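Please open the structure in a viewer and keep the selection tool at hand. The stops below are arranged so that each selection leads to the next.

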Amino acid sequence: MKFGDILHSYIKKSIIQNVVFFAIIILIWTFSFYMSYSNLSNYSQNNYDAFSDVMNHYFYHLKYISIIDDEKLLKDINIKRFYAVEQTGKVRKTLPDELFEDKYINQILLFKLQNMKNMDTLILKTELFSNEPEKIYIVSKYNSLYLIGELNALNLLHNSTYYFSIIDESGELILSDLNINKFNFITTDNFRIYLNLKKKWKNITLVTSIDITKYVIYNIFISIIILLLIYVNLWFKKRNLSLMETFEQEFNKIIKSMESFLKELRIMDRQSFMILSENDFVNILEPIKKEKFHFTELEELKEVEFLAIKEMIELFDEISASTEELEATNKELEDLYNQVEDAYNDLGVSYRKFSSHLSAIAEKYDEITGFHIDRVAKYSRVIAEKMGFDAKFVNDIETYAPLHDIGKLMINHDILNKPGGLTAEEYEEMKKHTLYAEEIFGNDEYFQMAKNIALYHHEKYDGSGYPFGLKGEEIPIEARIVALADIYDALRSDRPYKAGYSHEEAYNIIVNGDFKTKPSIFDPEVLEVFKKYHEEFNKIFEEYQEKYEVKKEKNNDIKDHGETENGKV
């Protein structure tokens, strides 16, 4: 896989992550609204049924009171006063007893009653008599009389979350738990938000309302948190992507310059070297001569190229000055040419430097301090040396061991640095960093060892590891070595969710096991090397710990100095 393909894949996954975040926001709002509306529908039906029962209750009791003067029953059903009115509007009877001399009810109310049609019972907010304040009345029609009860209160279901309102056919509010005049589907009042559902009951409208203010506030808060997570995620990915793009651009400039240099050498190999001058290489050096590379190693490569050209020119000058040394000089030139061409064909050194930058990027992204990847590299080198591997293997494992967690570049930053334990879903996502490493390295043969380490370093010798559950010799030896080195340093290191163990504690856990780590997960030969040379591991950790403390103290001094200059104490 090309480095450019890795960048494109990285960008694509970042976009997918943020789309998922936005989808979560939409789902939260949709689910919250659905649940509120569902609860409101149920409660509205309950209110409707309760209201119907109450109306029937009043209907039968008003008929009973019209026949039997039972003032006690008035109190039982929360009616303050009872009237029996003829169809002409004349008050025939009242409870409690009052003296009426040809008193008639309000003509407007009489008109409404005369238009009751087939309705047995209705509820009104009106004036019973002229020039009196509006009150709420229950009216039943019985034979030729209107039975009117003045309500103390209407007992219906309601609580601090749900509210009930009654609106007559003209749109006038008869009774309400809320101080709202107009009920739309969503209504606001006094910094509260209500969801309203209307149901028709005969000539009136019943409105059940639910206070969704806290749900809206919760959703807004959660949405802001998720948007902040999206912003932080984008910021970190943009920073890391910028570093990767910068390295690719600068690396390509160096390679292009080296290709031009080799092309020029091939041409001159068939010409006379007697007239060679520095001007012949101006076009090669010009593109990178004034370039200031962001990465120190690439700057050093540029200087090496300049030095090679300078030395080659000096060598050619010596050839032209002495024909007697021509043969020897040609041999040196041929050797130099072969060395440069070999360096171009075998980009091992460049891959090592590239690996170093990838390791640094991964460590910054993971926010792990204290030279973790450097120590893992040194531990791995010790094990490989003590196991008798050749120098190339030892150097390679030291170079590529720091890339064991490169796949974490594609893991969500909040999961990666979450304090405390991970959920089951977060842990499964974290485990995918081994598979992401395979995507990053692809089939590049120079990165075969790096891929083996990153892909298999969580496999266990007893087959209990991941991602494939390999066991024994099925796991590449370099991954088995790095697995022990990584676990040792993880035990020793401070993490957001734990303090580091001492060397003795870490040694005891690896050799004897605990609730999480068992000796059977390690290659027995690797484990024996650790047992024999574990003090070297402790020495490496202590040396880097001192470096880390010095570095931290220096950073604090720089920070304090900067704050003093800015007038801070």
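The tour begins at the second largest cavity, which holds about 70 Å³ of space. A cavity here is a set of points on a 1 Å grid over the protein atoms alone where a 1.4 Å probe fits but cannot get out; the points are joined across faces, edges and corners, and the volume is the space filled by probe spheres set on them. Rolling a probe the size of a water molecule over the atoms shows where empty space is left. By this rule, 2 cavities of 30 Å³ or more are counted.

This is a predicted model, in which local features need pLDDT of at least 70 and side-chain atom pairs count only at pLDDT 80 or more, while totals for chains, interfaces and linings use all residues. Residues are numbered from 1 along each chain as its sequence is written, and side-chain values use heavy atoms, with hydrogens and water left out.

**First stop: the cavity lining**

Select His457, Glu459, Lys460, Tyr461, Ile475, Ala479, Arg480, Ala483, Ile487, Ile521, Phe522 and Asp523, which line the second largest cavity; lining residues have an atom within 4 Å of a point. The lining divides into 7 nonpolar, 1 polar and 4 charged residues. In this division Ala, Val, Leu, Ile, Met, Phe, Trp, Tyr, Cys and Pro count as nonpolar, Asp, Glu, Lys and Arg as charged, and the others, Gly among them, as polar.

**Second stop: arginine 480**

From the lining, keep arginine 480, which is placed in helix α15. Helices (H or I, at least four residues) and strands (E, at least two) are DSSP runs, numbered from the N terminus. Is arginine 480 buried or exposed? Arginine 480 is buried because its relative accessible area is 10%, where buried means under 20%, exposed over 50% and partly exposed in between (1.4 Å probe, protein chains only). Its side chain makes a polar contact with the side chain of glutamate 473 at 3.3 Å. A polar contact is a pair of N or O atoms within 3.5 Å; within protein, one must be able to donate a hydrogen and the other to accept it, and residues adjacent in sequence count only if both atoms are side-chain atoms. Not counting residues up to four places away in sequence, arginine 480 touches Tyr461, Gly472, Glu473, Ile475, Asp523 and Val526, contact meaning heavy atoms within 4.5 Å.

**Third stop: serine 493**

Next, select serine 493, in the loop between α15 (477-492) and α16 (503-512). Serine 493 counts as buried because its relative accessibility is 7%. Its side chain reaches the backbone oxygen of aspartate 489 at 2.6 Å. Beyond residues up to four places away in sequence, serine 493 touches Arg375, Lys498, Ala499, Gly500 and Phe541.

**Fourth stop: tyrosine 466 and lysine 432**

Select tyrosine 466 and proline 467: the peptide bond from the former to the latter is cis, with omega near 15 degrees. Proline 467 is in the loop between α14 (448-456) and α15. Then add lysine 432, which is 34 residues from tyrosine 466 in sequence and 9.2 Å from it in space, C-alpha to C-alpha. Lysine 432 is found in the loop between α12 (424-431) and α13 (433-441), and it counts as partly exposed because its relative accessibility is 37%.

**Fifth stop: helix α10**

Select residues 391-400, helix α10, which is mostly covered, with 7 of its 10 residues buried. Those buried residues are Phe393, Val394, Asp396, Ile397, Glu398, Thr399 and Tyr400. At the start of α10, a side-chain oxygen of aspartate 390 reaches to within 3.3 Å of the backbone nitrogen of lysine 392.

**Sixth stop: leucine 173**

Leucine 173 lies in strand β7 (residues 173-176) and is partly exposed, with a relative accessible area of 21%. Lysine 125 is 48 residues from leucine 173 in sequence and 8.0 Å from it in space, C-alpha to C-alpha.

**Seventh stop: two loops**

Asparagine 143 lies in the loop between β4 (135-142) and β5 (145-151). Although it is not a glycine, asparagine 143 has a positive phi of about 55 degrees. Proline 96, in the loop between β2 (91-95) and α3 (107-114), follows a cis peptide bond from leucine 95, with omega near -10 degrees.

**Final view: the protein chain**

Now display the protein chain, whose secondary structure comes to 17 helices and 10 strands. Buried residues make up 46% of its 569 residues.

Terms used. 1 Å grid on protein atoms, 1.4 Å probe; cavity = no way out; pocket = protein on both sides within 12 Å on 5 of 7 lines; lining within 4 Å.
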